[in-house]
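Colleague: I have a model open on my screen and I'm new to this. Could you show me how to read it, one feature at a time?

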Amino acid sequence: MPINIFNDLEAIKLAIAIEERGERFYRQSARKVSDSTARVLLERLAEDEKEHKAVFEGLYQEFLKNKNEFDDEYLYDQDVAAYFNALAHSLIFPNEEEQERVVAQLQSLEDVIRFGIQAEKDSILLYTQMIISSKLSEAKDAFRRLLKEEKRHLVDLQAYLKRE
């Protein structure tokens, strides 16, 4: 009987979209802030999100190479694809169309950091759920690695906020 890893592949696609949006958010925010320490922190977070995206892209490509070993019948279902697309555009970081508006509305460095803290908390919850729901050990391992990174981001942002 073939293994159905649809949920794992879709979760990885969702993670790629979220990491991409996180990178964009942190880069836009870094350009907005005048505090050089905060700018360095935000740029580092953007680079981390870029690296996370690359990890997920590699994992996704690896699974696709072995797609003959699993049942991907539902992978290209339009309703399912639309669902995950909507989910990706409503989770954690604002979507592309909303991001500039959201960043422009952040009035202070504290607003930027607090928004980042909430985004990292949401990422932690999402990746925790992905670990619980995943059927593939490789996906679980990737989600665990990224969960650890997101926790570090949260700690860094909270430390910066306490410093203010």
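**Reading a helical chain**

Modeller: Sure, and keep in mind that this is a predicted model. Let's start with one helix: H6, residues 137-163, has 27 residues and reaches 39 Å from its first C-alpha to its last, close to the 39 Å expected at 1.5 Å a residue.

Colleague: Okay, and which residues of H6 are buried?

Modeller: Buried means under 20% relative accessible area. In H6 that group includes Ala-139, Ala-142, Phe-143, Leu-146 and Leu-147. Further along you'll also find Glu-150, His-153 and Tyr-160 among the buried residues of H6.

Colleague: Now zoom out for me. How many helices and strands does the protein chain have?

Modeller: Six helices and zero strands. Reading along the sequence, you get α-α-α-α-α-α. Of the chain's 164 residues, 45% count as buried. As for the outside, the chain exposes about 9,100 Å², with carbon and sulfur atoms supplying 52% of that.

Colleague: How do I read the way two helices pack?

Modeller: Look at the angle between their directions: under 35 degrees counts as roughly parallel, over 145 as roughly antiparallel. Take H2 (residues 36-65) and H5 (residues 109-133): they pack at an angle of about 25 degrees, with their axes 12 Å apart. H2 and H5 are therefore roughly parallel to each other.

Colleague: Which residues make that contact?

Modeller: On the H2 side it's Ala-38, Leu-41, Leu-42, Glu-49 and Phe-56. H5 brings Leu-109, Val-112, Ile-113, Glu-120 and Tyr-127. The crossing of H2 and H5 is left-handed.

Colleague: And at what angle do H5 and H6 cross?

Modeller: At roughly 160 degrees, and their axes come within 9 Å. That makes H5 and H6 roughly antiparallel, because the cut-off is over 145. H5 also passes H6 in a left-handed crossing.

Colleague: Let's try a single residue. Is Ala-11 buried or exposed?

Modeller: Ala-11 sits in helix H1, residues 6-32. Its relative accessibility is 11%, so Ala-11 counts as buried.

Colleague: What does Ala-11 touch, leaving out residues up to four places away in sequence?

Modeller: Met-130 and Phe-143. Remember Phe-143? That residue is one of the buried ones in H6. Also, the C-alpha atoms of Ala-11 and Ser-134 are separated by 8.4 Å, although these residues are 123 residues apart along the chain.

Colleague: How does that look for the whole chain?

Modeller: Take the contacts between residues at least 6 apart in sequence: 80% of them join residues at least 24 apart.

Methods
Residues numbered from 1 in each chain as written. Predicted model: local features only at pLDDT ≥ 70, side-chain atom pairs only at ≥ 80, totals over all residues. Heavy atoms only, no water. Helix = DSSP H or I, 4+ residues; strand = E, 2+ residues; numbered from the N terminus. Expected span 1.5 Å × (residues − 1). Buried < 20%, exposed > 50% of the residue type's maximum accessible area, 1.4 Å probe, protein only. Contact = heavy atoms within 4.5 Å. Areas by Shrake-Rupley, 256 points an atom, 1.4 Å probe, with all protein chains shown as cover. Axes fitted to C-alpha atoms, helices over the stretch in contact; angles between N-to-C directions. Parallel < 35°, antiparallel > 145°, perpendicular 65-115°, else oblique. Left-handed = near helix turned anticlockwise from the far one by under 90°.
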